[in-house]
Amino acid sequence: MNPLDKLFSLANYAGGRLDLVQASGGNVSLKVSSQEICVKISGIALSEMMTEEYVARLKTKDIVYFLENFSKEKIIEKKERETSAAEALKTFNLTSSCRP
């Protein structure tokens with residue numbers, strides 16, 4: 001079985017259980033290799049996650065680098081922090097047509 005199929009199955013199960021999730025259920029992710037993580041895209045419910053078109057693929061090493069260095073930037077303002085994070089996300093998102 002494809003590792004993403006297991007993720008889809010788990011997401012559908014959790015998304016269909018009102019005792020486990022609220023509203024559309026949030027995000028799920030799967031580290032598929034030391035180089036890549038797959039994250040449910042924004043705008044769909046867990047119960048709708050059925051194929052790879054609902055997955056954003058992100059470069060793991062770039063995420064780690066960003067997180068390790070983000071605190072060094074000393075960005076105080078929330079809006080500025082969010083803008084910096086959004087810009088960084090664009091660089092390590094392998095599926096630029098989707099936003100996790």
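**Notebook: helices, sheet and core**

I began with helix 3, residues 78–92: at 1.5 Å a residue, its 15 residues should span 21 Å, and the end C-alpha atoms are 21 Å apart, which agrees. I note that the model is a predicted one.

I then looked up which residues of helix 3 are buried, and found Ser 84, Ala 88 and Phe 92. These residues cover an arc of only 70° around the axis, which puts them on the same side of helix 3. On the face turned away from that buried side I recorded the exposed residues Lys 78, Lys 79 and Lys 90. I also checked what covers the buried residues of helix 3; strand 3 and helix 2 (60–70) are included.

**Overall layout**

I counted three helices and three strands in the protein chain. Read from the N terminus, the order of elements is α-β-β-β-α-α. The C-alpha trace spans about 40 × 30 × 20 Å along its principal axes. Of the 100 residues in the chain, 29% are buried. I looked at contacts with a separation of 6 or more, and 49% of them are accounted for by residues 24 or more positions apart.

**Helix 1**

I repeated the length check on helix 1, residues 3–15. Its 13 residues should span 18 Å at 1.5 Å a residue, and the distance between the end C-alpha atoms is 18 Å, which agrees. At the start of this helix, I found a side-chain oxygen of Asn 2 within 2.8 Å of the backbone nitrogen of Leu 4.

Which residues of helix 1 are buried? I listed Leu 4, Leu 7, Phe 8, Ala 11, Ala 14 and Gly 15. Because their arc around the axis is only 135°, I place them on the same side of helix 1. The face turned away from this buried side carries Lys 6 and Leu 10, both exposed. I then asked what the buried residues pack against, and found strand 1 (29–31), strand 2 (36–40) and strand 3 (55–59).

**Strand pairing**

I next followed the bridges between strands. Strand 1 and strand 2 run antiparallel and are joined by three bridges. The two form a hairpin, with four residues between them. As one pairing, I noted that Leu 30 has Cys 38 in strand 2 as its bridge partner.

Strand 2 is also joined to strand 3, by five bridges, and this pair runs antiparallel. Here I noted that the bridge partner of Lys 40 is Val 55 in strand 3. I asked how far strand 2 is enclosed: four of its five residues are buried, so the strand is largely enclosed by the rest of the structure.

**Nonpolar core**

I turned last to the largest nonpolar core, which has 15 residues; Val 28 and Met 49 touch the most other members. Helix 1 and strand 3 are the elements that give two or more residues to this core. The largest share, five residues, comes from helix 1. As background, I recalled that nonpolar side chains tend to be buried together in soluble globular proteins.

What is Met 49 in contact with, leaving aside its neighbours within four places in sequence? I found Leu 7, Phe 8, Ala 11 and Asn 12 among its contacts. The list also includes Val 28, Lys 40, Ile 44, Tyr 54 and Val 55. Among these contacts, I noted that Leu 7, Phe 8 and Ala 11 also appear among the buried residues of helix 1. Lys 40 and Val 55, bridge partners of each other, are both in contact with Met 49.

How values were computed: Residues are numbered from 1 along each chain as its sequence is written. This is a predicted model: local features need pLDDT of at least 70, side-chain atom pairs count only at pLDDT 80 or more; totals for chains, interfaces and linings use all residues. Side-chain values use heavy atoms; hydrogens and water are left out. The expected span of a helix is 1.5 Å times one less than its number of residues. Buried means under 20% relative accessible area, exposed over 50%, partly exposed in between (1.4 Å probe, protein chains only). The arc is that of the directions from the helix axis to the C-beta atoms. Contact means heavy atoms within 4.5 Å. A polar contact is a pair of N or O atoms within 3.5 Å; within protein, one must be able to donate a hydrogen and the other to accept it, and residues adjacent in sequence count only if both atoms are side-chain atoms. A nonpolar core is a set of buried Ala, Val, Leu, Ile, Met, Phe, Trp, Tyr and Cys residues joined through side-chain atoms within 4.5 Å. Two strands pair if DSSP finds at least two bridges between them.
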